[in-house]
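Let us walk through this structure step by step. Keep the sequence and the 3D view side by side.

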Amino acid sequence: MAHALRLAERGLETTTPNPRVGCVLLNDGRVVGEGWHQRAGAPHAEVLALAAAGEAARGATAYVTLEPCAHHGRTPPCADALIAAGVRRVVAAMADPNPLVAGAGLARLQAAGIATESGLLADAAHELNIGFVSRMTRGRPWLRLKAAASLDGKTALNNGVSQWITGEAARRDGHRWRARACAVLTGIGTVRADDPQLTVRGVACERQPLRVLVDARLDVALSAKVLEGGRCLVAAAVADRDRIAALRDCGAEVVVLPNAAGKVDLPRLMQELGARGINELHVEAGFKLNGSLLREGCVDELLLYVAPLLVGDAAQGLFNLPELQQLQGAIRLDLRDVRRIGDDLRILARPRAVGS
């Protein structure tokens, strides 16, 4: 199963909106076939493993990182392929959270007389497809908020200068996280200050994530780099026909999602992205939007790069959050991973549920 998970990781950047899945076929103690899902519309991992095994699949055990599908999508059901190949036993790391499957795949195998098990290395399988699980169970993507800060928690000088707080190794690592995401989101403040491209650069990537811009009043300049090349979704709070038409002429799409305060309704935007098949959402924004996303419960994970430098109190902070009078009101985090990247420190943390 560990090998199947490593195979599934080969599709880390390409399978969206599908899950990342690997499969290994074992017969008489030796691997007779293996495969991983590469992209939507392409054969699933089980089908590729069966094709590699040929007749050796008969009587084999299939180790698959996600319950085999039992429905017709772009491809036929994998459960049927496993049955037809004469597989004796199927071990799934986890059940498929997709309501179209959700146990039906294993049930179909059992009905055909195939022994099944589920739960082997389930935590690792869940982490590999955490965005897919989020979209299937919550209707919204897994939001990973990336930020780079000095040791005293500052992201930019008071005059807006922020390049570069962290070193080249950390910046390259950040692009790897961009590459695995289905979409990269920023706000109009960041576009004004830095004019970012929001593309994956410097690391291998077969496809560029969708770019998402939160711009309540549609103030973005039509010359902004984030609009170059299309594949940009602009989330607004006003239905300005002329501005929307101009942005569409640039190849962008506009969705109007106002909240009661006249800003973009961020939870509704998360649902909109989920409906568009976005599993993992990578955010690189300023302290105002970062704070809003945290306050409105949209952030699932923090990816924070901390540089060994001090820039002083007058510099800009990480999150625009209200002042606290008691520490009980602080957002508490669970540290998931801490490691050194070049000269910088990378922290992966998740906000705890309220009351935990």
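What should the 13 residues of helix α7 (residues 168–180) span at 1.5 Å a residue, and how far apart are its end C-alpha atoms? The expected span is 18 Å and the end C-alpha atoms lie 19 Å apart, which agrees. That expectation is 1.5 Å times one less than the number of residues. Helices here are DSSP runs of H or I with at least four residues, strands are E runs of at least two, and both are numbered from the N terminus.

This is a predicted model: local features need pLDDT of at least 70, side-chain atom pairs count only at pLDDT 80 or more, and totals for chains, interfaces and linings use all residues. Residues are numbered from 1 along each chain as its sequence is written, and side-chain values use heavy atoms, without hydrogens or water.

Stay with α7. Its buried residues are A170, D173, G174, H175, W177, R178, A179 and R180. Buried means under 20% relative accessible area, with a 1.4 Å probe and protein chains only.

Now turn to a helix pair. The axes of α2 (residues 45–53) and α3 (residues 78–85) come within 9 Å and cross at roughly 20°. That makes α2 roughly parallel to α3, a term for angles under 35 degrees. On the α2 side, E46, V47 and L50 meet C78, A81, L82 and A85 of α3. These contact residues divide into six nonpolar, no polar and one charged.

Last, find T186 in strand β8 (residues 183–187). T186 counts as buried because its relative accessibility is 0%. Leaving aside neighbours within four places in sequence, T186 is in contact (heavy atoms within 4.5 Å) with V191, L198, V212, L213, V214, E284, A285 and L289.

Note on methods: Buried < 20%, exposed > 50% of the residue type's maximum accessible area, 1.4 Å probe, protein only. Axes fitted to C-alpha atoms, helices over the stretch in contact; angles between N-to-C directions. Parallel < 35°, antiparallel > 145°, perpendicular 65-115°, else oblique. Nonpolar A, V, L, I, M, F, W, Y, C, P; charged D, E, K, R; others polar.
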